[in-house]
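Dear colleague,

I am handing over a structure that you have not seen before, and below it I have set down what was found in it. Please read the notes with the model open beside them.

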Amino acid sequence: MYGSNGVVRAHGANLNMLTRNLMESQDLDGKEFVRARIELAKKNAPFWQEYKFTNPLSKKTEPKAMYCQPYEDVVVCGGVYIKQARQFQHGGMPPPSTPWSATGQRSAAPAAYPESAHWRSGSSIERGKRVRAVAVKRHSHLDF
């Protein structure tokens, strides 16, 4: 979740990103993807955005698609690496390098996602509540 000034207000994968201003961040092609995201959000309509970003599993720069929903002075986004999304189409299971087992249950966190940085015990709903709680604590002046 980004503020209209490009400051990260919540981040589902890396809590160290909170409060960082990413307005001038560029992808490999020099595209200022956060600035573009904020500009698209000003239209006050949901949108998709594509850019290149380092995939923490493969350690390679890959195309990523981000779905964003503007709300008041923030934009809430969730993204997927396009290559992985294509692998999951039509009910396919994630490849073995992801932290999910063939049964759909969470397996041990890979080295790319150390417990302290990303994967927490409990359901995704519980993790989401913790991320929201951190965002609310740091930004108590906001109305979530």
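**Salt bridges**

Glu 32 forms a salt bridge with Arg 35, and the closest N and O atoms of the two are 2.7 Å apart. Please keep in mind throughout that this is a predicted model. Glu 32 has a relative accessible area of 26% and is therefore partly exposed, and Arg 35, with a relative accessible area of 32%, is partly exposed as well. The pair does not stand by itself, since Glu 24, Glu 32 and Arg 35 are linked in a network of salt bridges.

A search of the whole structure finds 5 salt bridges. In one of them the side chains of Asp 73 and Arg 9 meet, at 3.2 Å from N to O. This pair links distant parts of the chain, 64 residues apart, with Asp 73 in the loop between strand 3 (61-71) and strand 4 (74-81) and Arg 9 in the loop between strand 1 (2-3) and helix 1. Asp 73 counts as partly exposed because its relative accessibility is 38%, whereas Arg 9 has a relative accessibility of 12% and so counts as buried, the cut-off for buried being under 20%.

Another salt bridge joins the side chains of Asp 29 and Lys 52, at 3.1 Å from N to O. Here too the pair links distant parts of the chain, with Asp 29 in the loop between strand 1 and helix 1, Lys 52 in strand 2, and their positions 23 residues apart. Asp 29 has a relative accessible area of 55% and is therefore exposed, while Lys 52, at 31% relative accessibility, counts as partly exposed.

**The disulfide**

The search of the whole structure also finds 1 disulfide. It is formed by Cys 68 and Cys 77, whose sulfur atoms are 2.3 Å apart. The torsion about the S-S bond of Cys 68 and Cys 77 is about 115°, so the disulfide is right-handed. As for its two ends, Cys 68 counts as buried because its relative accessibility is 0%, whereas Cys 77, at 22% relative accessibility, counts as partly exposed.

**Aromatic rings**

The structure holds 4 aromatic pairs. One of them is made by Phe 33 and Tyr 51, whose ring centres are 4.4 Å apart and whose planes lie at 5°, so the pair is stacked. The two residues come from distant parts of the chain, 18 residues apart, Phe 33 belonging to helix 1 (residues 33-41) and Tyr 51 to strand 2 (residues 47-54). Both Phe 33 and Tyr 51 are buried, and together with Phe 53 they form one aromatic cluster.

**The chain as a whole**

To place these details, it may help to know that the protein chain has 3 helices and 4 strands, which follow the pattern β-α-β-β-β-α-α when read along the sequence. Of its 144 residues, 31% count as buried. Among the contacts in the protein chain with a separation of 6 or more, 32% are accounted for by residues 24 or more positions apart. The protein chain exposes about 9,100 Å², and carbon and sulfur atoms supply 54% of that area.

With kind regards

Conventions. Residues numbered from 1 in each chain as written. Predicted model: local features only at pLDDT ≥ 70, side-chain atom pairs only at ≥ 80, totals over all residues. Heavy atoms only, no water. Disulfide = S-S within 2.5 Å. Buried < 20%, exposed > 50% of the residue type's maximum accessible area, 1.4 Å probe, protein only. Phe/Tyr/Trp six-rings, centres within 6.5 Å; stacked < 30°, edge-to-face > 60°. Salt bridge = Lys/Arg side-chain N within 4 Å of Asp/Glu carboxyl O. Contact = heavy atoms within 4.5 Å. Areas by Shrake-Rupley, 256 points an atom, 1.4 Å probe, with all protein chains shown as cover.
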